[in-house]
Amino acid sequence: PGVAMRVFVLAGAGDRAGFLNPGAIAAGTTAAVELSLLIDRLQPALAEKQVTLALPPGSLTFAESLRWIENRTAAGDGAIELRLGAFARPEVRGASAFFIAINAERQLQADVLLQTLVQGVPGMVQRGARPDTESALGRLAFCRDLRAPSLSLELGYLTNPLDRELLQTHREDLAIALATGLRQWLQELNRTVAPPRPFPPVAPPFPTIGVVVNGQLLPEPGLLVNGNAYVPETVLTWLAVPPAPLASVPRLLVQEIAYLQAIGLRDWDISVAWERQSRTVALNTVAKTCLGELDRLMGPGLSTAAQLTAFARAEQVDFPDFVAPLLIAESTLAGVNHDVAFCQLCADTAFLQANFDLGSAPEQLRQRVHNLQQRALGDPPPAQMPPPTLAWLLPTDPDYPQQVRSLLRRLYEAIEIL
């Protein structure tokens, strides 16, 4: 009895560039295989709770799957991506739930879902609910590009023996716990939805919110859609941003007024913050000097050693306190931007969890700074530069420059420069 509920489930097995692949591979199995076996058990578990599972065809790429979900979503539906991580150090483990940034409602839902999993699956470890800005590239398409409420759930690390054993020997427990958590989430989504209606085109009304641009309150309000802030497209004039490059930012057309997803503007060097008490979204143009810091290899950095260490420890609690001062000293001697050097170090070694020997830290850091100095001699734009063909980088990863830039942006946001 009650409102029919439906959840779209996507097994994120590693498709990143428009092609299919099996995702993480470890101990004779793959992420694609393990997630498929889990979904086989999840479907009847959801059916027992009167929840319909909708699954995109397995032949679709990731981008095609998103379009498939978007074209079929109705208000009250939810969408979840299931993933498995992989890491060079097998001891790294734990489940995480990613949500679209500056959405407090979705953050709470992600945290509740994780807690349900931990309670239902003995031995499961959680790494917490995290905004998608903390992902490798600074955004997750599954969280950003669907208008329906969506979460990206990493169920653990296939490379960790304990996580892998848990996944393989407690599939039934995991499916039941996940079904329980998803039903709770969908019930919350459906509390204010009656009757369900198609998402595209979007129907008004939505709650209005304030929009502040560079400290000035705009006369036109924004909208709060599924907990996500949308701002009138006229903000582009105030931000001095041309509309053409923003074609990828999700849009809504409500009563003939175009609105842009606020957090999507972050990808274009606009800082975005949510003021909960005043229900206001604040947009600020990043200062040109800060953009310069993001885009250059040479010159002084903006952070202190204490700030770099605190930033790293938010990701890796055991990050040693001597690394940042040593790297700053080496960078200063070479004239290298120590913020870039530090973020490249964190990107290459996953915050010193792999591919780094603490016993030879001074020599390794000196060599890294020297290599950055050599790279800067031709002054190529780092946002487009190919990674150096050196063992300590990822020469075959086309996303590498964006990973470093994403870490730089997170660093500057953490120390309140952006």
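Which residues in helix 9 meet which residues in helix 11? I started with this pair, keeping in mind that the model is predicted.

**Helices 9 and 11.** I looked up the two segments and found helix 9 at residues 305-313 and helix 11 at residues 338-349. From helix 9, Leu 308, Phe 311 and Ala 312 make the contacts, and they meet His 338, Asp 339 and Phe 342 of helix 11. I noted a packing angle of about 20 degrees and axes 12 Å apart. Angles under 35 degrees count as roughly parallel, so I entered helix 9 and helix 11 as roughly parallel to each other. I recorded their crossing as right-handed.

**Whole protein.** I then stepped back to the totals. The protein has 13 helices and 16 strands. Of its 418 residues, 53% are buried. I also looked at contacts with a separation of 6 or more: 72% of these in the protein come from residues 24 or more positions apart.

**Sheet.** I traced an open sheet of six strands next, and wrote its order down as 4-1-5-8-6-7, with mixed pairing. Why is one side of strand 4 and of strand 7 left without a neighbour in the sheet? Strand 4 (51-54) and strand 7 (126-131) stand at the edges, and each has a single partner strand, so one side of each lacks a neighbour there. From one strand to the next I have an average twist of 20 degrees.

At the strand 7 edge I checked the pairing with strand 6, residues 95-99. The two strands run parallel and are joined by five bridges. Within this pairing I found Ser 96 opposite Gly 128 of strand 7.

I also looked at what covers the sheet elsewhere. Helix 2, residues 62-70, lies across strand 1 (5-12) and strand 5 (78-85). Helix 2 runs at about 175 degrees to strand 1.

**Cores.** Which residues have the most contacts inside the largest nonpolar core? I listed Leu 82, Leu 153 and Leu 155, in a core of 41 residues. Helix 6, residues 171-190, gives the most to this core, with nine residues.

I followed Leu 155 further, leaving aside its neighbours within four places in sequence. Its contacts are Leu 35, Leu 38, Leu 82, Arg 83, Leu 84, Ala 95, Leu 117, Met 124 and Leu 174.

Finally I noted a second, separate core of 33 residues. Leu 297, Val 323, Cys 343 and Phe 351 are among its members.

Notes:
Residues numbered from 1 in each chain as written. Predicted model: local features only at pLDDT ≥ 70, side-chain atom pairs only at ≥ 80, totals over all residues. Heavy atoms only, no water. Pairing = 2+ DSSP bridges. Helix = DSSP H or I, 4+ residues; strand = E, 2+ residues; numbered from the N terminus. Axes fitted to C-alpha atoms, helices over the stretch in contact; angles between N-to-C directions. Contact = heavy atoms within 4.5 Å. Core = buried A, V, L, I, M, F, W, Y, C linked by side-chain atoms within 4.5 Å. Buried < 20%, exposed > 50% of the residue type's maximum accessible area, 1.4 Å probe, protein only. Parallel < 35°, antiparallel > 145°, perpendicular 65-115°, else oblique. Left-handed = near helix turned anticlockwise from the far one by under 90°.
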